[in-house]
Each structure stands twice: as structure tokens, then as C-alpha cells.
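I wanted to know how this protein holds its nonpolar residues, and I kept notes as I went through the model.

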Amino acid sequence: MGDLMDGIMALQTTFQQVSQLAKGPGATKLIALKPLLESSSLELEKKFDQILQILQSGVRQKKKRQTLGERLKWPFQKVDVEQILQLLERHKSALIFAMNSDQM
């Protein structure tokens, strides 16, 4: 779970940097960044909604007779987390690349 949180925090930092650029004086020159930011935001929002649904459905399905270990079980497999991390890294890298190319 630590890797997943690290990936989310890194992407959040990148989005904050992009947001500052988009609000700055050179925002009209951000040709590559604006469409990428919109598409990344939509895709990530959809993915985060899916993750939230999985987490919430796991909470709702917990039964009183389950052991503490069963109730605290992480609902994602290692491969699921790796796929999410790859998605986060792909978007973060694309946003950084677009920021750099727009600033040239």
C-alpha cells in the first residue's frame, strides 16, 4: 500500500505544478499540456472512482462473524496495484514531458 500512496502523492505533486503553470502568465502558450491535462484528469478520475467502489464494496460486504484479519484484508492483488502504479507513472511522465516541451 505504501507504493500506491507514494505513486498517488507523486502524481498529486505533478498535478499541482501543472495547475500553477496553467494559472500563470504563460498559460496561453501551453499547447501540449492543456489537452493532455484534460484527458489525464478524466481517465484518472474514472480509475479512482473504480478503486473507491472496490474499497467501499469491501467495507459493505464485511460480516460480523469474520475475523479481524478477514475484515482488514486488502481488496487488491499485487498485479492490480502494479497496474495502478503503471497508470499513475504513465500520466505523471506524460504531464512532465508536456510541461517541459511547452516551456521550450
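I looked up the largest nonpolar core first, meaning a set of buried Ala, Val, Leu, Ile, Met, Phe, Trp, Tyr and Cys residues joined through side-chain atoms within 4.5 Å, where buried stands for under 20% relative accessible area with a 1.4 Å probe and protein chains only. This core has 17 residues, and Val18, Leu33, Leu88 and Leu95 touch the most other members. At least two residues of the core come from each of α1 (2–23), α2 (33–60) and α4 (78–103), and the largest share, seven residues, belongs to α4.

I then took up Val18, counting a contact as heavy atoms within 4.5 Å. Apart from its neighbours within four places in sequence, Val18 is in contact with Leu33, Leu37, Leu95 and Met99.

For the whole protein I noted four helices and zero strands, assigned as DSSP runs (H or I of at least four residues for helices, E of at least two for strands) and numbered from the N terminus. Buried residues are 23% of the 104 residues, and of the contacts between residues at least 6 apart in sequence, 75% join residues at least 24 apart.

I also checked the confidence, since this is a predicted model in which local features need pLDDT of at least 70 and side-chain atom pairs count only at pLDDT 80 or more, while totals for chains, interfaces and linings use all residues. Residues are numbered from 1 along each chain as its sequence is written, and side-chain values use heavy atoms, with hydrogens and water left out. The mean pLDDT (the predictor's confidence in each residue, from 0 to 100) is 78 for the protein; among its elements, α3 (residues 68–71) has the lowest mean, 64, and α4 the highest, 85.

Definitions and conventions:
Buried < 20%, exposed > 50% of the residue type's maximum accessible area, 1.4 Å probe, protein only.
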